[in-house]
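Student: I'm new to this one. Could you pick a single part and take me through it closely?

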Amino acid sequence: MRFCDAKPSPFIKSTNRKTRFSHSFSTFDTMASTIKAIRYHLPEHIYTNEEFYKDFPEAVGMNLEKTGVRSRAVIGKGETSSDLAFAAAQKLIISEKIDLSQINLLVHCSLDADYYMPSTACVLHGRLNLSQHCAAFDL
């Protein structure tokens with residue numbers, strides 16, 4: 001569709017009563033997208049309640065009763081959020097036989113970014129050698 005065939009936005013009042021445009025205008029073409037598979041990677045170190053109670057003796061008995069948490073997977077020294085995401089991405093690519101050139105968007109979701117800038121998704125984009133046409137952002 002050509003830009004000149006677009007209708008003005010219904011949210012913008014026009015002083016001209018006649019509509020100059022005959023078709024609606026969309027900035028983006030409609031694309032169907034699906035999530036076909038998901039993979040995750042947990043850190044190898046397991047932090048048990050016994051270790052937790054050694055570090056926080058005042059919490060003995062309260063942690064399990066209130067949260068139900070028996071252990072936690074804790075990231076190792078020098079390991080980052082992108083390391084976990086990279087391992088998960090490799091599992092996904094191998095198990096689903098994904099062609100990297102077919103990936104159009106990389107979204108990284110985490111509470112702990114590697115850096116303020118660049119985004120962790122951009123770091124992953126580079127580590128995975130994704131196409132320059134593949135967008136990447138953190139959520």
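Tutor: Sure, let's start at Asn104 and work outwards, keeping in mind that this is a predicted model. Setting aside neighbours within four places in sequence, Asn104 is in contact with His133, Cys134 and Ala135. Look just beside those partners too: Gln132 sits 28 residues from Asn104 in sequence, and the two are 9.3 Å apart in space, C-alpha to C-alpha.

Where does Asn104 sit? It's in the loop between α3 and β3, and those two elements bring us to the largest pocket. Both α3 (81–96) and β3 (105–108) give at least two residues each to the lining of that pocket, with α3 supplying the largest share, seven residues. The space inside the largest pocket comes to about 1400 Å³. It is lined by 33 residues, and the ones closest to its centre are Ile35, Ala37, Leu92, Ile103 and Leu105. Sorted by class, the lining has 23 nonpolar residues, six polar and four charged.

Now follow α3 to another partner, helix α4 (residues 120–127). The two helices pack with their axes 10 Å apart, at an angle of about 45°. Because of that angle, α3 counts as oblique to α4. The crossing of α3 past α4 is right-handed. On the α3 side you'll find Ser81, Ser82, Asp83, Ala85 and Phe86, which meet Thr120, Val123, Leu124 and Arg127 in α4. Those contact residues split into four nonpolar, three polar and two charged.

How values were computed: Residues are numbered from 1 along each chain as its sequence is written. This is a predicted model: local features need pLDDT of at least 70, side-chain atom pairs count only at pLDDT 80 or more; totals for chains, interfaces and linings use all residues. Side-chain values use heavy atoms; hydrogens and water are left out. On a 1 Å grid over the protein atoms alone, a cavity is a set of points where a 1.4 Å probe fits but cannot get out, and a pocket is an open set with protein on both sides within 12 Å along at least five of seven lines; lining residues have an atom within 4 Å of a point. Grid points are joined across faces, edges and corners, and a volume is the space filled by probe spheres set on the points. Helices (H or I, at least four residues) and strands (E, at least two) are DSSP runs, numbered from the N terminus. Ala, Val, Leu, Ile, Met, Phe, Trp, Tyr, Cys and Pro count as nonpolar, Asp, Glu, Lys and Arg as charged, and the others, Gly among them, as polar. Contact means heavy atoms within 4.5 Å. Axes are lines fitted to C-alpha atoms, for helices over the stretch in contact, and angles run from 0 to 180 degrees between N-to-C directions. Angles under 35 degrees count as roughly parallel, over 145 as roughly antiparallel, 65 to 115 as roughly perpendicular and the rest as oblique. A crossing is left-handed if the near helix is turned anticlockwise from the far one by less than a right angle, and right-handed if clockwise.
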